[in-house]
Amino acid sequence: MTSTLTKALPGDDLQVVATARELVAAALMGLPEVLVDDARTRDGRPTPLGDAIAHYGRIPKTLHILRMVDEPTYRHEIKAQSNLQEGRHALARRIFHGKRGHLYQRYQEGMEDQLGALGLVLNAVVLFNTRYMDAALAKLRIQGFAVRDEDVARLSPFIHAHVNMLGHYSFALPELPGGLRTFGESVDIHPDRGIGG
């Protein structure tokens, strides 16, 4: 066993994980589930096999941490993904403002219904924002503004200042030219001077 793992160590990190996975699978193969549980712990303490499984579980986490420390681009990707998730959660908290965002249903189906409705409204807001951001970018390009791809990549569909979270809602579908509302015509936009210039 040790020779297989040692051979894999100088190579790729993924090979180490794959080899460790194969070793653990080989050790557990053919054992009934009760024996596998017994093989992991005995008298509340991990057995050598249980200790090996625990160490195996730490390998991907350790590789991830080392990669975070070593690669700035990987750190940047992780931070961007984290910011995206935080934006989605902030929008969900804003939408689900009633009862301070807590689920108060006493039964699981009621909670699932509440969460399903929240997901539906959240997706509707994201779709609305995405369609209008796309239309706004197209209008800016037609008006002669330089719209850079790196700026567009930083736009978030999770903005919500324009969404009325309280008050009366109308679900009547108006006839809209091109399927979208017109942008505010009262704001002057000039390619050279910016807004209101």
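## Overall architecture

The protein chain contains seven helices and four strands. This description rests on a predicted model. Along the sequence, the elements follow the order α-α-α-β-β-α-α-α-α-β-β.

Of the 197 residues in the protein chain, 16% are buried. The chain exposes about 15,600 Å² of surface, and carbon and sulfur atoms supply 58% of that area. Among contacts with a separation of 6 or more, 52% join residues that lie 24 or more positions apart in the sequence.

## The crossing of helices H4 and H5

Two packed helices are described by the angle between their axes and the distance between the axes. Helix H4 covers residues 48–70, and helix H5 covers residues 72–95. Their axes come within 6 Å and cross at roughly 110°. Angles of 65 to 115 degrees count as roughly perpendicular, and H4 is therefore roughly perpendicular to H5.

Which residues of H4 and H5 meet? On the H4 side they are His-64, Arg-67, Met-68, Val-69 and Asp-70, while H5 contributes Pro-72, Tyr-74, Arg-75 and Ile-78. By character, the residues of this contact divide into five nonpolar, one polar and three charged.

## Helix H5

Helix H5 has 24 residues. From its first C-alpha to its last, H5 reaches 35 Å, close to the 34 Å expected at 1.5 Å a residue.

The buried residues of H5 are Tyr-74, Leu-91, Ala-92 and Ile-95. Tyr-74 thus appears in two roles, as a buried residue of H5 and as a participant in the contact with H4. The cover over the buried residues of H5 includes H4 and H6.

## Helix H6

Helix H6 runs through residues 108–142, a stretch of 35 residues. How far apart should its ends be at 1.5 Å a residue? The expected span is 51 Å, and the end C-alpha atoms of H6 are 51 Å apart, so the expected and computed values agree. The calculation multiplies 1.5 Å by one less than the number of residues.

Several residues of H6 are buried, including Gly-110, Leu-118, Leu-122, Val-125 and Val-126. Further along H6, Asn-129, Tyr-132, Met-133, Ala-135 and Leu-137 are also buried. Part of their cover comes from H5 and from helix H7, which spans 149–152. Helix H5 is accordingly among the elements covering H6, and H6 is among those covering H5.

After H6 comes Gly-144, whose phi is positive, near 100°.

Definitions and conventions:
Residues numbered from 1 in each chain as written. Predicted model: local features only at pLDDT ≥ 70, side-chain atom pairs only at ≥ 80, totals over all residues. Heavy atoms only, no water. Buried < 20%, exposed > 50% of the residue type's maximum accessible area, 1.4 Å probe, protein only. Contact = heavy atoms within 4.5 Å. Areas by Shrake-Rupley, 256 points an atom, 1.4 Å probe, with all protein chains shown as cover. Axes fitted to C-alpha atoms, helices over the stretch in contact; angles between N-to-C directions. Parallel < 35°, antiparallel > 145°, perpendicular 65-115°, else oblique. Nonpolar A, V, L, I, M, F, W, Y, C, P; charged D, E, K, R; others polar.
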